[in-house]
Amino acid sequence: MKSRYCPLCGKKTVRKDIGDEGFIPYCVSCQKALFDSPRPCVIVLAVNEEGQAALISQSDTPDSAFVCVAGYMKPGESAESAAARELLEETGLPAVALRYIGSYPLADRDLLMLGFAVRVKKSPFRLSREVERAVWLSPKDALAQVKPNGAAYALVRSCIQMGNMGELSFIQI
């Protein structure tokens, strides 16, 4: 989040050079540096017992491209809980176990996406209104269906590099 106004006094901030941090928003009135901070989100790759990955297509996704389940963390919610909640909300699939994979900053949208592989039992999808369709794909096909250089691509690629997705080690929840 970019601080254009001070959250304490409401006055407009200025850009000030703060040593190693470079130029950041600064409130002259409060004499306080206001570091820009990304909003935390989760991105989830659901993996079933056969090693297949679930991808979704959303109505607001350009050209109906496939993506991983993703969403914002709620205040007071852990990243693990957010990953399980978002997966259940969007696909109807309850999480059995999960594994943190990595983080994916999206500077252009001020997001820090925390990536998880989540073990689920293969079952029919129960899609939310946000989701147009969902599919089970092999890891290779999943990688081919997401946009290159995006967070979903990086997450799927990381899971593939870890080995057989059906054999990834997960933490029980």
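The exercises below work through a predicted model of one protein chain, each with a solution in steps.

Residues are numbered from 1 along each chain as its sequence is written, and side-chain values use heavy atoms, with hydrogens and water left out. Because the model is predicted, local features need pLDDT of at least 70 and side-chain atom pairs count only at pLDDT 80 or more, while totals for chains, interfaces and linings use all residues.

**Exercise 1. The chain and the confidence in it**

Describe the secondary structure of the chain, and state which element has the lowest mean pLDDT and which the highest.

Solution. Step one is to list the elements, where helices (H or I, at least four residues) and strands (E, at least two) are DSSP runs numbered from the N terminus. The chain comes to three helices and 10 strands, and from the N terminus on they run β-β-β-β-β-β-α-β-β-β-α-α-β.

Step two is the overall frame: the C-alpha atoms fill a box of roughly 60 × 35 × 35 Å along the principal axes, and buried residues make up 43% of the 173 residues. Buried here means under 20% relative accessible area, exposed over 50%, and partly exposed in between (1.4 Å probe, protein chains only).

Step three concerns pLDDT, the predictor's confidence in each residue, from 0 to 100. Its mean over the chain is 90, and 91% of the residues reach 70 or more. Strand 10 (residues 171–172) has the lowest mean of the elements, 60, and helix 1 the highest, 97. Where pLDDT is low, the predicted coordinates should not be read in detail.

**Exercise 2. The largest pocket**

Work out which elements and which classes of residue line the largest pocket.

Solution. Step one fixes the term: on a 1 Å grid over the protein atoms alone, a pocket is an open set of points where a 1.4 Å probe fits, with protein on both sides within 12 Å along at least five of seven lines, and lining residues have an atom within 4 Å of a point. A volume is the space filled by probe spheres set on the points, which are joined across faces, edges and corners; for the largest pocket this is about 830 Å³.

Step two names the lining, which has 31 residues, with Gln58, Val67, Ala70, Arg109 and Met113 nearest the centre. Two or more residues each come from strand 4 (39–47), strand 5 (53–58), strand 6 (69–72), helix 1 (79–91), strand 8 (111–119) and helix 3 (151–161). Strand 6 gives the most, with four residues.

Step three sorts the lining into 18 nonpolar, five polar and eight charged residues, where Ala, Val, Leu, Ile, Met, Phe, Trp, Tyr, Cys and Pro count as nonpolar, Asp, Glu, Lys and Arg as charged, and the others, Gly among them, as polar.

**Exercise 3. Aromatic pairs**

Find the aromatic pairs in the whole structure, and classify each by its geometry.

Solution. Step one sets the rule: rings of Phe, Tyr and Trp (its six-membered ring) pair if their centres lie within 6.5 Å, and planes under 30 degrees apart count as stacked, over 60 as edge-to-face and the rest as tilted. The search finds two pairs.

Step two takes tyrosine 100 and phenylalanine 116, whose ring centres are 5.5 Å apart with planes at 70 degrees, so this pair is edge-to-face. Tyrosine 100 lies in strand 7 (residues 97–106) and phenylalanine 116 in strand 8, so the pair ties together parts 16 residues apart in sequence. Tyrosine 100 is partly exposed at 41% relative accessible area, whereas phenylalanine 116 is buried at 1%.

Step three takes phenylalanine 125 and tryptophan 136, with centres 5.1 Å apart and planes at 25 degrees, so this pair is stacked. Phenylalanine 125 belongs to the loop between strand 8 and strand 9 (131–137) and tryptophan 136 to strand 9, so parts 11 residues apart in sequence are tied together. Phenylalanine 125 is partly exposed at 21% relative accessibility, while tryptophan 136 is buried at 17%.

**Exercise 4. Backbone angles and a distant contact**

Locate aspartate 110 and asparagine 149 and give the phi of each, then place lysine 121 relative to asparagine 48.

Solution. Step one: most residues other than glycine have a negative phi. Aspartate 110, in the loop between strand 7 and strand 8, has a positive phi near 55 degrees. Asparagine 149, in the loop between helix 2 (139–145) and helix 3, has a positive phi near 70 degrees and is exposed at 78% relative accessibility.

Step two: lysine 121 is in the loop between strand 8 and strand 9 and is exposed at 60% relative accessibility. Its C-alpha atom is separated by 5.4 Å from that of asparagine 48, although the two are 73 residues apart along the chain.
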